[in-house]
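Student: Please take a close look at one loop of this model and then set it in the context of the remainder. I would like a single connected account, with the reasoning stated where a cut-off decides the matter.

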Amino acid sequence: MSTYQEFIQQNEDRDGVRFSWNLWPSSRLEATRLVVPVSCLFTPLKERPDLPPVQYEPVLCSRANCKAVLNPLCQVDFRAKIWACNFCFQRNPFPPSYAGISEANQPAELMPQFSTIEYIVQRGTPAPLIFLYVVDTCLEEEDLQALKESLQMSLSLLPPNALVGLITFGRMVQVHELSCEGIAKSYVFRGTKDLSAKQIQEMLGLSKPMASGQQGRPVAPQDASAFCRFLQPVHRVDMNLTDLLGELQRDPWPVPQGKRPLRSTGVALSVAVGLLEGTFPNTGARVMLFIGGPPTQGPGMVVGDELKTPIRSWHDIQKDNARHLKKATKYYEALANRSAVNGHSIDIYACALDQTGLLEMKCLSNLTGGHIVMGDSFNTSLFKQTFQRVFSKDYNGDFRMAFGGVLEVKTSRELKVCGAIGPCVSLNAKGSSVSENVSERTFNINHNAPVPQGGRGAVQFVTQYQHSNTQRRIRVTTIARNWADAQSQIQHIESSFDQEAAAVLMARLGVFRAESEEGPDVLRWLDRQLIRLFMFHMRRSPFLQVFNNSPDESSYYRHHFVRQDLTQSLIMIQPILYSYSFYGPPEPVLLDSSSILPDRILLMDTFFQLVIFHGETIAQWRKAGYQEMAEYENFKQLLQAPLDDAQEILQTRFPMPRYVDTEHGGSQARFLLSKVNPSQTHNNLYAWGQETGAPILTDDVSLQVFMDHLKKLAVSSSA
Amino acid sequence: MSVCETEGLVKHRPLGSSTRTADTLTLLSYPGFRDELKMNVNQHTPLAAPYGQPQPGYVQPGYAPLDGGYPTSYMPYHGPAPAYQHGAPQQGPARGPPSSAPPPVATGQPYNQYNQSQGDMQNGPPPMTQEPPRPAASQPYNSGAATLPGHQPSYPQHYGHPSTMQQVTNQMTGMQINSGPPTAAGPGYAPPYSSQPPVSSAYSAAPPPSYTQAPPPAVSSGSVQMAPPSVPPASQQQYYGGPPPQAFNPSLPPTTSQQQFTSAPPTSCQQPLPPSSYSSPMPPPSQAPPPLVSQPQQPFPPPQPAYSSAPPPPDSQAAFTSGPPPGAQVSFPPRAPPPSSLAGSFPPPGPPPSSAPSSQYPGSISPHQRPLPSHPSPYHSGPPPPRAQMPPTSMAQSNHLPPGPQGQQQPPLQPGMSAGYPAQQNGAFGQVRGPQPGYAGPYPGQPNYGAPAPAAPAQKRLDPDAIPSPIQVIEDDKAKVNEPFTTGVRGQAPPLVTTSFQVKDQGNASPRFVRCTAYNMPCTSDMAKQSQVPLAAVIKPLATLPPDEAPPYLVDHGESGPIRCNRCKAYMCPYMQFIEGGRRFQCAFCSCVTEVPPHYFQHLDHTGKRVDCYERPELSLGSYEFLATVDYCKNNKLPQPPAFIFLIDVSYNAVKSGLVSIVCQELKILLDNLPRENPEADSVVRVGFVTYNKVLHFYNVKASLAQPQMLVVSDVADMFVPLLDGFLVNVAESRLVIESLLDQIPEMFADTRETETVFGPVIQAGLEALKAADCAGKLFVFHTSLPIAEAPGKLKNREDKKLVGTDKEKSLFQPQVSFYNTLAKECVAQGCCVDLFLFPNQYVDIATLGVVPVSTGGSVYKYTYFQAQSDQERFLNDLRRDVQKPVGFDAVMRVRTSTGIRATDFYGSFFMSNTTDVELAGLDCDKAVTVEFKHDDKLSEETGALMQCAVLYTTCSGQRRLRVHNMAVNCCSQLADLYRNCETDTIINFLSKYALRGILNNHTKAVRDTLINQCAQILACYRKNCASPSSAGQLILPECMKLLPVYLNCVLKSDVLLPGADISLDDRAYLRQLISCMDVSDTHVFFYPRLLPLMKLEGDSLPVAVRASEERLSKGGVYLMETGLHLFLWVGASVQQELLLNIFGTPSFSQIDSAMTNLPVLDNPFSKRLRELIDSFRAQRSRYMKLMVVKQEDRAELVFKHFLVEDKSSSGGASYVDFLCHMHKEIRQLLS
């Protein structure tokens, strides 16, 4: 029999699900006592190369408020051609097309190995993918040039029938018309005025007078072509758009000294959302926002244009001194909700040295399943490759993205969904939530009613989405777990505990709370909750600690934290540290200052950063150029090894991590020093009196201290 | 009259009003009213008298003698003149002989006086001085029209003598004075002159007589004729005093006239002239003297002889041929003629009147005595038409008409002429003469004429020829000018706007920059109130000067800026008085003493003038410019070069009419011709382009772009400018992109179906663009329709014909919404001038749309029912001119005055945020501002009144400058001085602007009544205070204002104040706004169109215009009419083939294409000359005049007739004659 370890691994591979507990306590009370809630990490669109989609539609339970999909857990009466829903126990006849089923001839959805199955729905006309670029033009010339090139490049990555649109903004917002020949035409909106969707559509000439109501049907296609002035198939406007992008100028409005350029990000997004809303509601679309600075005017402004007023910091926020924060956040949330409802996702690509207002805008991506990418400049490989990776293809040559996903969660009667954390927004429908471009999310499942022992609880995830090849698909994942009585079967339950999943889940809960509550409170809560867990690094992570991080950075880190899968999430919580030396093959070492030795090369992966750290001696050797000498070939190889490994990681990760190559004493070494456990600090350095490792100048407690304290607490509390 | 006034005049004239000094009197007898008017110019009077009285007995005798004279006179006049001439001649002769005898004494004295006293002033003096030249000139004028020397002479003399001085008088009464006095006087008086001293008495005596006589005569020749009969007695008597008829005629008339003349000539010219003139006048006798008159006289002699012989048609012709000379005589005659004319006019009436009228006339006349018969008569005749009652002296015309048409016609026709003349004069003469035995012989023909036509019609109407003729006045003025007008003399009225002259700036601003209504301001406000003469100046600060006059010098006072008075801030000017050895100066405006900055210090010479006075424009010139320092700039920042933004309507209508493509094509060329100061360099004016319908499209035409970019702004509710860099560009740099854009615009919108437009946001867009660029500039908006699209400034169609004539009418001239007023204010603050080109197919509410252009110093152009083919040329020429003309931006004008008066009101295209500063976002070379002054204290005669108009503006190259115009005028304590030194054209300019502003808040009718009332008061005041006592039935007009009634009538019946059925509200609003910024020459031609006969085009000189009346058109002729906005070519139904061939290249009248807008280019001198003529007309006006060919009796003729302003208009406007009668009635009411 397989161990829980294997079971968990198998489940994750097959269904993309990891539960914190793989045996469920049978009552709410018991569940509460478990501290770590019964919850799961679910990756709705986990890549399953081995899972061919079926070409028919799912069979649904006929009960109006159930509509669960036929699954392997259902009881089937092959003779009567009847199946019983395992959620509501409704007995349903099979549809006529299933007339031929028998025990020997079962449809795929009834086979246990197809606990996850994907249907292709033929309904409706396939809508093309839509990519709407929203580009900030208040950039440095160099940045803009790089961005333009990236955008032009991206055109070649799009499927020919995809619709593209372009909105640029600076002081004004321009919606570019792509169909016209000769003169490049664009519609301009003032950057300071909040317009309703209706106004925007009117001004873009999209809302044709409805006078022709009767003829509405036949006219519709023509209207569609009218929309197309702004959204055109790539194959048709490729050249045109390339030229257009090529001629993009920096925002022509002069920026007086001491001022920030006026950036109407808020209105630009509003226009983008309004445009899509008016033209392609409920069709998968992706708004890609490229910004090089904070919004400085109009609705959604984050900071004024006076340079002497710095952008809000955590300090300001805590002091309630951030004037625009609430208003802007509210504004972007409203936009995000509208966008999500219409199935449009918003990506944010923010490249600037200073903050760009991600804190306020994060909900745009968080609620719509968009990406957030943060970099220093558009002219860096970080951005360029990340952006390129957005359009990466899977083994079928399809984009690794889906659109307009709606995820329904159905549970056995005994269970209830109490919420989801992830890039999604609630549809406010009973028991369902919606999101797009799903990658990973966390569900908290609460008990609803006591369950009979020995029974099984089941959860079904129904994800409807638009595949990137424009097909509409439905993926159904049905999962069952056994109930266990906490009183009698506590050992079983304990053994079914998934430590990693629990760590990540708790961390996400923490982050979720951190987003909505005061920082210190969250830490305290976490401390209370984590007593039994080693969450030392979590406490120190940027997800919870805002010290040393700008609000934007925090938002960025948190954004990614709540949407990466378990492995990546773990890396984020506890960065991995490899050590390279002449003494043996690379080995993982403790994330501790004691690992920092002069004759080692360290490779640290924090998910967001990839740091190669050369120890003091190594660095001196390198400086002396030994690697160039034939007789020190081995040294050269040693230097090369971490680079190769890093390259490997860089290749696969999205978003691209920040790549840092540094050495002992280098300014960038701080990335490493801030992560390692400060087992040696200026306080205890001499006390330890050892030559190993490097002291970290911090007042933070070390893991040792933390653990000591934790032990004491644990003991005292249990006592 | 003549006497009295002359005296007065004489005295006054000395001041230098030589040219116009004479006062004119005109007499009118209202047929209807019964009172006949007798009019005459003061001095002229004499002439008339003779005629009138002469009638019966006199006539013959008088005529007889005259005959001789007449012929000549006729000759000159040919057509029209004849009448006058006749009159004159008659008088002349008649008087001459008699007068010489009788008058001598009396007259003699008067003359003397004149001479002495008025010497300069009156005819005498001025004429004297000027005489030499003038005579000639004047002659030309007279003849001018006519042609003939003959005429000329006659006029000339009249003018001539009077010319300088009297000319006025002459002109005024034209006939009366001249004819009368000169002729008669000349000869006979010569001797008398010696006695001149008596002048005054003489005048009084003389004038009256003359007038009386005149009046009677005036009554028309009729009067004369008629009057003579009936009236003669009375009038004559009165006038002449004792002499009445015969005696008077001879004696008095001559005396008066002669006296005047004599006096005038003598004084001024002195004896030489006088003698000559006199002598000449003295017909026969004069002949001898002629030499003096020079040509004229000589001519005279001949003519006379001719005349004498002339009487017989042939002779007369001969005389005419000799014309000039005859002219001289004529001239005399003219004067006489005037009378004669008057007489003539009267005559007609006369005949009838003789019976009734005569009595009437007499009565009226007699009282008036003064009334120059000549004028009066005309008037009478004038009125008659309507009233018929009057002795419609058909003949009256002789005077006026003659000059014009006849003159021209005659020349060629001479022989025929005689015939022609007769016709006109016939009435008068015929009647008159008919009886006359002597005439019979000579005039045989005439009688015929007279008998036939004249008789019937004539009897009932006042002779239009007998009433003051604008043409006559214009020609007279032209004749007077033969040397540059120097501005140094304070209180000197410049030549009329119709006269071409050169200006030498000697301390006062050129009349091209500033014209005043009065060059002699009353010293007290009481006087001003009493006279009701508006005190105003029409200032055209950036007027273009002819190439032979230097533009204002640019003075740079360095960093500290222009030197100014500490207290009132007046700028350094020639009137500033340097004291304390030059260390300080005293302000001429506020008397404050200011230190002279060290760098500006200069020693004074012994006269107290700075040594460098003539090296510094600001110390020696009337107009100059200062370079402004940064203190004079907005925000204390030197201005950026201005920008031009073209905003083009691309809605369906605009595209379909071809407008869009035309504009785009043209702009490509125009961009090379943006205004620049240095013709060598490229213009620094930047340009931008916007198209719009319901939304706006901006274009990015940055040089670095391969293709222009279009930026659509649909947020019209809250306008903004989508881009800055790339919107306003330098033409040279972005040429390729701009051309590409202009090529593409018409294509892009070729299929548009959008019919709705916005307007407010369009201007906002331009304004915002200028704001963003931080510069001043000009918007060129090409717009087609009422802006009904949802946007700020949206308008409703409120045209409602039913409101016209009601109390609510005025609201239609006010903007519909206040949005545009606010917008205009913002525009002005930014220096954003808006020029609006409208292409409406229906009501567009110009009253509202025009608010911004008018408030920002812009212009509105309107092309109703625009069609590419027919209107393209006009539009493009307007556009070209509008784009290229010199223009200043962001201007502020301030008028400072010396203590005692104050600029109280301003009229024009501008905005005022307070009561003193006139703010003009744009100020171009065609814009004039009329400023009204009021007293706030007593003025002194010594210091006069000063005004300084300073305009701070930004040039088209972005330089900040101050242009300063200084003007000094005299102050007078005698009303007569005021009346002698005012300018009717300017008064009309003021009154029209005043009225057009009035209709915003008052009922149109009330406004008209106000105008009439004011005019009546002006004239009544003159009559009461300045004219010598005379019969109430006489209409007496000041010489300088004798055209006031006719011009005022034109104003009153203009489309704005008296709309016809086919005049839309838009048209009226358009004209209203147009007129508001017109200068004097614009208003002049606008209200009284120029009508040129084209039968003969020779040499470089223009044919003499004819009066704007249908009667003046000959079926066989072709006429060109110019109104400043329209150009008509009227073709008579029976025009000669040859003429048609020459002009149109077709021999047949019916084959003329009346749709043509340009004459075919034919290779013959006539066609060439005519086209040159048309081109030169167009070049003179700020707006291109489309040529309309109007065939007689064609439907389009109605439009043309609308501009025959002396006729009754279809919309109910009174004819000149009617109006004059009405005016007379008003005056009489005021006087009684």
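Tutor: Helices and strands are here DSSP runs numbered from the N terminus, a helix having at least four residues and a strand at least two. The model is a predicted one. With that convention, Asp845(B) can be placed in the loop that runs between strand E17 (832-838) and helix H39 (846-849) of chain B. Its backbone deserves attention, since Asp845(B) is not a glycine and yet has a positive phi of about 60 degrees. Most residues other than glycine have a negative phi, and most peptide bonds are trans. The relative accessible area of Asp845(B) is 0%, so this loop residue is buried.

A second positive phi, in chain A, offers a counterpart. Lys81(A), again a residue other than glycine, has a phi near 55 degrees. Lys81(A) sits in the loop between strand E4 (75-77) and strand E5 (82-84) of chain A. With a relative accessibility of 26%, Lys81(A) is classed as partly exposed, whereas Asp845(B) is buried. A further backbone feature of chain A is the cis peptide bond between Phe654(A) and Pro655(A), with omega at about -5 degrees. Pro655(A) belongs to the loop that links helix H19 (633-652) to strand E27 (658-663) of chain A.

The chain that holds Asp845(B) can now be described as a whole. Chain B contains 51 helices and 28 strands. Of its 1232 residues, 69% are buried. Among the contacts in chain B with a separation of 6 or more, 80% are between residues 24 or more positions apart.

Helix H47 (residues 1080-1087) shows burial in one element of chain B: seven of its eight residues are buried. Among them are the aromatic residues Phe1086(B) and Phe1087(B), together with Val1080(B) and Val1085(B). The buried residues of H47(B) also include Asp1082(B), Thr1083(B) and His1084(B). The N-terminal end of H47(B) is capped by Asp1079(B), which places a side-chain oxygen 3.2 Å from the backbone nitrogen of Ser1081(B).

Asp136(A) provides a buried aspartate in chain A, this time within a strand. Asp136(A) lies in strand E8 (residues 130-136) of chain A, and its relative accessibility of 0% makes it buried. The side chain of Asp136(A) forms a polar contact of 2.4 Å with that of Arg263(A). Apart from neighbours within four places in sequence, the residues in contact with Asp136(A) include Leu144(A), Leu147(A) and Phe169(A). Phe290(A), Ile291(A), Gly292(A) and Gly293(A) are also among these contacts of Asp136(A).

The cysteines call for an explicit cut-off. Over all chains, the search of the whole structure yields zero disulfides. Cys85(A) takes part in none, the nearest cysteine sulfur being that of Cys88(A), 3.6 Å away. Cys85(A) is nevertheless buried, with a relative accessible area of 1%. In chain B, the sulfur of Cys827(B) has its closest cysteine sulfur in Cys832(B), at 4.1 Å. A disulfide requires the two sulfur atoms to be within 2.5 Å, and the Cys827(B) sulfur is therefore too far away for a bond. Cys827(B) is also buried, at 0% relative accessibility.

It remains to consider how the two chains meet. The contact draws 20 residues from chain A and 28 residues from chain B. Together the chains bury about 2,000 Å², of which 56% is on carbon and sulfur atoms. On the side of chain A, the greatest losses of area to chain B fall on Ile183(A), Arg190(A) and Glu247(A), which together account for 31% of what that side buries.

Charged and polar pairs also cross this interface. Three salt bridges are found between chain A and chain B; one salt bridge joins the side chains of Lys193(A) and Asp715(B), at 3.1 Å from N to O. There are 13 residue pairs in polar contact across the interface. Strand E10 (172-177) and strand E11 (184-190) of chain A each contribute at least two residues to the side that touches chain B. E11(A) provides the largest share of that side, seven residues. By type, the residues of chain A that touch chain B comprise twelve nonpolar, four polar and four charged.

How values were computed: Residues numbered from 1 in each chain as written. Chains lettered and ligands numbered in written order. Predicted model: local features only at pLDDT ≥ 70, side-chain atom pairs only at ≥ 80, totals over all residues. Heavy atoms only, no water. Buried < 20%, exposed > 50% of the residue type's maximum accessible area, 1.4 Å probe, protein only. Contact = heavy atoms within 4.5 Å. Buried area = accessible area lost by both parts, 1.4 Å probe. Salt bridge = Lys/Arg side-chain N within 4 Å of Asp/Glu carboxyl O. Polar contact = N/O pair within 3.5 Å; in protein donor to acceptor, adjacent residues only side chain to side chain. Nonpolar A, V, L, I, M, F, W, Y, C, P; charged D, E, K, R; others polar.
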